[in-house]
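Student: Could we go through this structure together, beginning with a sheet and then moving on to the domains?

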Amino acid sequence: MNDANFLKANNARSLWHPMTAPSDSLHNAPTIITGAHGTRIRDVDGHEVVDGVGGLWNVNLGYSCQPVKDAIAAQLDALPYYSIFRGTSNDKVIELAEELRDFFAPDGLTRAFFTSGGGDSVETALRLARQYHKIRGEAGRVKYLSLKKGYHGTHIGGASVNGNANFRTMYEPLLPGCYHIPAPYTYRNPFNETDPARLAQLCLQALEDEIAFQGAGTIAAFIMEPILGAGGVIPPHASFMPGVEAICRKNGILLIADEVITAFGRTGAWTGSRLWGVKPDFSCTAKAITNGYFPFGAVMIAEGVAEVFEKDETGRAAIGHGYTYSGHPVGAAAALACLAETRRLNIVENAAARGAQIFAGVQKLMARHAVIGDVRGGHGLMTALELVADRASKKPADKALPAKVQEVAYKAGAMVRVSGPNIILSPPLVVTEADVEVILSALEAGFGALA
Ligand SMILES: Cc1ncc(COP(=O)(O)O)c(C=O)c1O
């Protein structure tokens with residue numbers, strides 16, 4: 001059954017892949033990964049490369065994190081599942097909530113609501129934000145604001161606040177009451193502004209303008225990623241998220257930080273909110289919370305929001321939301337082990353150092369290859385290269401080009417990710433200096449092949 005030819009021939013016969021057309025999968029065989037260790041993955045043909053993608057921004061501790069594997073195995077023996085819906089709980093999830101409270105204390109987040117992944121976390125935060133206002137007697141606050149280019153998963157709520165038409169158009173009509181403002185994306189923006197600080201101010205003005213237009217009293221929450229990830233790694237100017245926070249506070253709007261990628265060290269800070277000195281009302285987490293070894297997530301909730309729910313005497317604070325796998329004990333055990341390992345390794349230090357190395361490396365690549373129109377990063381291990389047909393017009397490159405770079409880079413020793421015109425690098429946070437050199441030289445080979 002596991003013969004390589006059988007796998008290649010049958011990959012798309014009985015399965016549909018996320019994020020591509022079924023016909024694409026039928027005509028273009030994917031790379032079939034069958035093994036991994038450390039920061040490396042191995043395919044069905046035995047070819048081994050450095051994983052410049054880190055799974056999907058989630059395998060922060062690499063593929064050989066024994067304490068997490070041991071915790072999962074032990075938990076499967078002790079208690080493989082029990083629900084935490086009203087009336088029951090489990091030991092691991094209680095322990096995890098305490099650990100997360102400690103971890104997120106500097107962000108002012110003190111309660112956890114558990115989920116099965118990032119999209120679930122976003123959905124949870126969006127729903128609890130509306131409920132918060134209803135409990136307080138402001139039932140008219142139902143709308144959501146978000147950034148163009150933002151990515152918040154593909155549930156209907158998440159897709160409605162998403163800022164990329166690829167995840168919206170074929171699924172419309174989406175949720176009513178969702179409005180988008182321009183992202184602080186210096187390379188392309190409607191203001192034609194290249195200065196990051198000035199662009200941040202213009203986007204903040206657009207936010208204020210939209211709030212005035214909608215009426216502050218109709219808006220429940222603003223959701224944003226501290227650094228936009230899937231939209232092509234867009235780090236806002238340092239003034240932007242604090243500016244959003246101030247505008248939200250002034251207008252009674254809750255701030256949801258979507259930290260599905262940025263929590264637990266990826267930006268070189270422990271959380272994206274902490275990187276910018278912001279205290280959100282909700283923080284959506286998933287991915288690295290279990291290092292990708294178990295589907296799991298948590299929405300962290302600010303003390304002030306928690307108090308409104310906990311002190312309610314009207315009955316409106318009953319939470320009519322949750323998942324069968326909320327607080328799954330195996331996920332909780334995995335998360336506990338991940339947190340301990342993340343702290344033991346002080347993973348933020350390596351993320352920052354290796355992130356600086358990658359960013360310097362891609363800047364050098366840009367100096368040599370005109371097809372690279374922009375490089376973005378500089379905050380830990382989130383880096384993107386945007387490919388253009390020519391630098392003057394900034395016309396996006398033909399999609400065959402990033403695909404070719406990826407193919408050649410893979411042969412040369414590194415897996416990189418293509419997302420639209422971007423090549424995205426998000427390796428495990430445990431990558432070594434030598435691993436980063438492999439990624440950079442593989443990319444050099446990839447771009448060299450375009451010439
Ligand atoms: C910022 C952000 N939010 C939400 C999600 C959705 O997470 P999931 O794919 O686990 O549902 C993602 C996934 O990449 C993400 O990057």
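**Sheet and domains**

Tutor: Happy to! This is a predicted model, and a good place to begin is an open sheet of four strands, ordered β1-β2-β3-β14 with mixed pairing.

Student: Which are the edge strands of that sheet?

Tutor: Strands of a sheet pair through backbone hydrogen bonds, either parallel or antiparallel. An edge strand here pairs on one side only. That description fits β1 (33–37) and β14 (414–415).

Student: In which sense do β1 and β2 pair, and which residue in β2 stands opposite Ala36?

Tutor: β2 covers residues 40–43, and four bridges link β1 and β2 in the antiparallel sense. Within β2, the residue standing opposite Ala36 is Ile41.

Student: Now the domains: how far apart do the C-alpha centres of domain 1 and domain 2 lie?

Tutor: Let's place them along the chain. Domain 1 is made of 31–61 and 346–448, while domain 2 spans 67–344. The distance between their C-alpha centres is 26 Å.

Student: Which element gives the largest share of the side of domain 1 that touches domain 2?

Tutor: In contact are 27 residues of domain 1 and 26 residues of domain 2. On the domain 1 side, the elements giving two or more residues are α3 (54–57), α13 (347–368), β11 (372–376), β12 (383–390) and β16 (422–425). The largest share, five residues, belongs to α13.

Student: And how many residues on that side of domain 1 are charged?

Tutor: Let's split that side by residue class. It holds 12 nonpolar and 11 polar residues. The charged ones number four.

Key
Residues are numbered from 1 along each chain as its sequence is written. This is a predicted model: local features need pLDDT of at least 70, side-chain atom pairs count only at pLDDT 80 or more; totals for chains, interfaces and linings use all residues. Two strands pair if DSSP finds at least two bridges between them. Domain bounds come from an automatic or database domain assignment. Two residues are in contact if their C-beta atoms, placed from the backbone, lie within 7 Å. Ala, Val, Leu, Ile, Met, Phe, Trp, Tyr, Cys and Pro count as nonpolar, Asp, Glu, Lys and Arg as charged, and the others, Gly among them, as polar.
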